[in-house]
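User: I am new to this structure and would like a close look at a single part of it. Please start there and then work outward in plain terms.
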Amino acid sequence: MTSVRSERWLRLDGTTNTRDLGGLPTTDGGTTAFGRVLRSDNLQTLSDDDVRRLAEEVRLTDVVDLRTTAEVLLEGRGPLRAVEGVTHRHFTLLPERGKHTDVFAVEEDEVPDLPADWAETVLPRQTTEADEVEPPAVRAYLGYLHHRPENVVAAVRALAAGGDGAAVVHCAAGKDRTGVVVMFALAVAGVPDEEIVADYAMTAEVIDALVAKLRSSPTYAEDMTRRDVASHTPRAETMRRVLELLHERHGGPLGWLAEHGFGADEQARLRARLRD
């Protein structure tokens with residue numbers, strides 16, 4: 001398992017949280033395939049060598065960008081835009097209003113010393129009265145599903161309909177928005193819940209470097225510096241709770257997808273892309 005975890009990381013100059021979704025066990029005794037779908041933090045700072053590796057070695061053909069329009073404009077579209085044969089698709093999971101980041105998808109119950117207008121940076125998270133009892137990060141993830149279900153499905157659909165090469169799905173940190181889309185993709189591939197949870201929590205291994213990278217960007221610096229690194233660290237119980245709620249309310253991630261128009265045929269197509 002340690003060897004597989006190590007193999008999954010793609011060490012690039014310009015990212016800190018890029019990893020392959022290959023090598024994960026499935027409920028039928030198989031594994032997900034390497035070189036099909038990657039998850040990542042912001043791709044804006046890729047080096048020339050990174051771009052070459054992604055284009056030539058990884059054979060990247062599709063980029064699914066979950067950032068807001070404001071983030072794209074502030075950070076830039078990224079060097080992969082200039083690579084022929086790479087298709088970019090953009091699906092924000094946040095409202096296009098207020099400030100431009102979702103770094104307040106926090107893990108702790110209380111966040112001290114926030115700016116007076118901090119709520120303007122956050123997707124409304126208390127989607128139903130029942131969700132008010134959930135931790136903030138869980139409410140944030142449920143908020144994506146409640147407020148932007150069409151874009152969650154569109155992002156998953158883009159992974160299913162991609163080209164012959166690899167796809168990468170990313171946001172700013174590759175943790176929250178990316179984590180939710182990847183959760184659905186892995187569930188479709190037949191990866192059991194606890195492996196999905198473990199994949200989500202792997203970002204903790206690089207959280208120091210990830211926070212440092214985001215703090216170096218004017219787009220994210222103000223939001224990132226108001227909390228310590230520990231509060232940004234993903235916790236397994238966050239994704240575990242989201243999965244529990246999906247099972248209780250929709251029969252699981254596949255049930256939620258089906259209810260929102262991503263049915264059996266498309267699920268089979270995505271499963272085939274993620275499996276040998």
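Where is Arg 59 found?

Analyst: Arg 59 is found in the loop between helix H2 (48-57) and strand E3. Helices (H or I, at least four residues) and strands (E, at least two) are DSSP runs, numbered from the N terminus. This is a predicted model, in which local features need pLDDT of at least 70 and side-chain atom pairs count only at pLDDT 80 or more, while totals for chains, interfaces and linings use all residues. Residues are numbered from 1 along each chain as its sequence is written, and side-chain values use heavy atoms, with hydrogens and water left out.

The phi of Arg 59 is near 60°, a positive value in a residue other than glycine. Most residues other than glycine have a negative phi. Arg 59 counts as partly exposed because its relative accessibility is 46%; buried means under 20% relative accessible area, exposed over 50%, and partly exposed in between (1.4 Å probe, protein chains only).

The loop of Arg 59 leads to E3, a strand of an open sheet of five strands in the order E1-E2-E5-E3-E4, with mixed pairing. Two strands pair if DSSP finds at least two bridges between them. E1 and E4 (87-90) are the edge strands, each pairing on one side only.

Strand E2 (residues 37-40) has a neighbour on either side in that order. With E1 (residues 19-20), E2 pairs in the antiparallel sense over two bridges, and Asp 20 stands opposite Leu 38. With E5 (residues 166-170), E2 runs parallel, joined by four bridges. Here Val 37 stands opposite Ala 167, and Arg 39 stands opposite Val 169. Val 37 and Arg 39 point one way from E2, Leu 38 and Ser 40 point the other way, and all are buried.

Helix H5 (residues 149-160) lies across E2, E3 (60-65), E4 and E5, and runs at about 175° to E3. Axes are lines fitted to C-alpha atoms, for helices over the stretch in contact, and angles run from 0 to 180 degrees between N-to-C directions. Asn 151 is found in H5 and is buried, with a relative accessible area of 13%. Leaving aside its neighbours within four places in sequence, Asn 151 is in contact (heavy atoms within 4.5 Å) with Phe 91, Thr 92 and Leu 93.

Helix H6 (residues 177-188) has 12 residues and should span 16 Å at 1.5 Å a residue; its end C-alpha atoms are 17 Å apart, which agrees. The expected span is 1.5 Å times one less than the number of residues. H6 is mostly covered, with 12 of its 12 residues buried, including Arg 177, Phe 184 and Val 188. Just after H6, Gly 190 takes a positive phi of about 90°.

Finally, the aromatic rings. Rings of Phe, Tyr and Trp (its six-membered ring) pair if their centres lie within 6.5 Å; planes under 30 degrees apart count as stacked, over 60 as edge-to-face and the rest as tilted. A search of the whole structure finds three aromatic pairs. In one of them, the rings of Tyr 141 and Tyr 200 have centres 6.1 Å apart and planes at 85°, so the pair is edge-to-face. This pair links distant parts of the chain, 59 residues apart: Tyr 141 is in helix H4 (residues 136-147) and Tyr 200 in helix H7 (residues 193-201). Both Tyr 141 and Tyr 200 are buried, and ring pairs link them with Tyr 144 into a cluster.
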